[in-house]
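Biologist: I would like a close look at one part of this protein rather than a tour of the whole. Please take a single strand and follow its connections outward.

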Amino acid sequence: MRNLTLATTLVCAAALPLSAEVNIYSARQPELIQPMLDAFTAETGIDVNIVFLQDGMIERLKAEGARSPADVVLTVDIASLTAIAEAGVTQPVVSDLINANIPAQFRDPEGNWIGLTSRARVAYVSNERVAAGEITTFEDLADPRWQGRICTRSGLHSYNVAMVAAFLAHNGEEATLAWLEGLKANLARSPQGNDRAQVKAIWAGECDVALGNTYYMGKMLEDPEQTEWANSTNIVFPIMGGSGAHVNVSGMAMTASAPNRDDALALMEFLTSQTAQSLYAEVNYEYPLNPAVSPSELVQSWGSFTPDAISLTEVAAKRADAVRLIEQVNFDE
């Protein structure tokens, strides 16, 4: 009788469905994407686990190999997306739904990465000490009239590396080196802190111009302590290379191991949907890549711009050279 009971228990246990889940390695801070993940779980019942990896994602995936628990990686810029794909730790994703939701210029042709949102790298300027029209191009930032008036985070941060890579793709090495030297000469202090810290420095009178991503304006306006910083500035969209404003993307890829592949694909498709893209727009103040979704009213109030026409993959290809030039001028010292 005991054996029969045990056998019955095992049969019943085997019949129970395994709990569905997706495991994410994310270079994006979890709080920036949690609302979208919560919405996915509420809609599908699939749990999402997230590990925040600011550095070393490729190395970790390579070390784990086929044993990796990660299904999906999320990251913050095109250079990181292409580096992950080139490292051989992803697999192609084929989805008619994703292809319908995200325009081709924001997807790898072979499906190894998919863009989710875009943001512009802009100039935050003092609304008391910088007049309208004083900055219209990235080249303007190297003009000596801004000497001692510009703040930025580390030149080697991925946001600034992508910006320099785009400048390099437009203008070539000699012009980029001269521009970096001019920009460094105009710094009010050594590069430090994050993008919000640069806006705080404008509010405190330490500088008049700062480099930052657009969505930080929305995030600062949410924070009672930081609202005053944000309100001391305006956003300017400088043109790069005579083309348009510099933009970058956040994106995703499916890992080569992906133990929960079907559920991972469901999550990736959801993140490109109007539901998730609207959350990205309203909660994170980013520009959705799904053309059926508009930016939030707040984001639209910052002004319109024409994105740089240069290919993001071309920008990513210049990343190593951009890092070399940033280090050559000792930008962070």
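In strand 7, which residue is the bridge partner of I150? Please start from that pairing and work through what surrounds the strand.

Modeller: The bridge partner of I150 in strand 7 is V209. Keep in mind that this is a predicted model. The mean pLDDT of the protein chain is 93, and 94% of its residues reach 70 or more. Residues 1-17 are a stretch to set aside: their pLDDT is below 50, and beyond near neighbours in sequence they have 0 contacts in the model.

Strand 7 covers residues 209-213, and 5 of its 5 residues are buried. Side chains in a regular strand alternate between the two faces of the sheet. Here V209, L211 and N213 point one way, while A210 and G212 point the other way, and all are buried.

Strand 7 pairs with strand 6 (residues 150-151) in the parallel sense, over 2 bridges. The pairing of I150 with V209 belongs to this part of the model. Strand 7 also runs antiparallel to strand 5 (residues 114-126), to which 5 bridges join it. On that side, V122 has G212 as its bridge partner in strand 7.

The strand 6 region also holds a covalent link. A search of the whole structure finds 1 disulfide, and it joins C151 to C207 with an S to S distance of 2.2 Å. The link is left-handed, with -120 degrees about the S-S bond. C151 lies in strand 6, whereas C207 lies in the loop between helix 7 (195-203) and strand 7, so the disulfide ties together parts that are 56 residues apart in sequence. Both C151 and C207 are buried.

Next, the nonpolar packing. In soluble globular proteins, nonpolar side chains tend to be buried together. The largest nonpolar core has 34 residues, and I24, V72, L74, M252, M268 and L271 touch the most other members. Helix 10 (residues 261-271) supplies the largest share of this core, 6 residues. I150 appears elsewhere: a separate core of 33 residues includes F138, L141, I150 and A322. Strand 5 comes up again among the contacts of M252, which touches I114 and L116, and also W113, V72 and M268, among others, leaving out residues up to four places away in sequence.

Last, the aromatic rings. The model has 5 aromatic pairs. One of them is Y215 with Y216, whose ring centres lie 4.5 Å apart with 40 degrees between the planes, a tilted arrangement. Both Y215 and Y216 are buried. In another pair, the rings of Y287 and F305 have centres 5.4 Å apart and planes at 85 degrees, so this pair is edge-to-face. Y287 sits in strand 12 (residues 287-288) and F305 in the loop between helix 12 (297-301) and helix 13 (312-317), so the pair ties together parts 18 residues apart in sequence. Y287 counts as buried, at 11% relative accessibility; F305 is partly exposed, with a relative accessible area of 23%. Together with F237, Y287 and F305 form one aromatic cluster.

To return to the strand you asked about: strand 7 pairs in the parallel sense with strand 6 and antiparallel with strand 5, and 5 of its 5 residues are buried.

Definitions and conventions: Residues numbered from 1 in each chain as written. Predicted model: local features only at pLDDT ≥ 70, side-chain atom pairs only at ≥ 80, totals over all residues. Heavy atoms only, no water. pLDDT = per-residue confidence, 0-100. Contact = heavy atoms within 4.5 Å. Phe/Tyr/Trp six-rings, centres within 6.5 Å; stacked < 30°, edge-to-face > 60°. Buried < 20%, exposed > 50% of the residue type's maximum accessible area, 1.4 Å probe, protein only. Helix = DSSP H or I, 4+ residues; strand = E, 2+ residues; numbered from the N terminus. Pairing = 2+ DSSP bridges. Core = buried A, V, L, I, M, F, W, Y, C linked by side-chain atoms within 4.5 Å. Disulfide = S-S within 2.5 Å.
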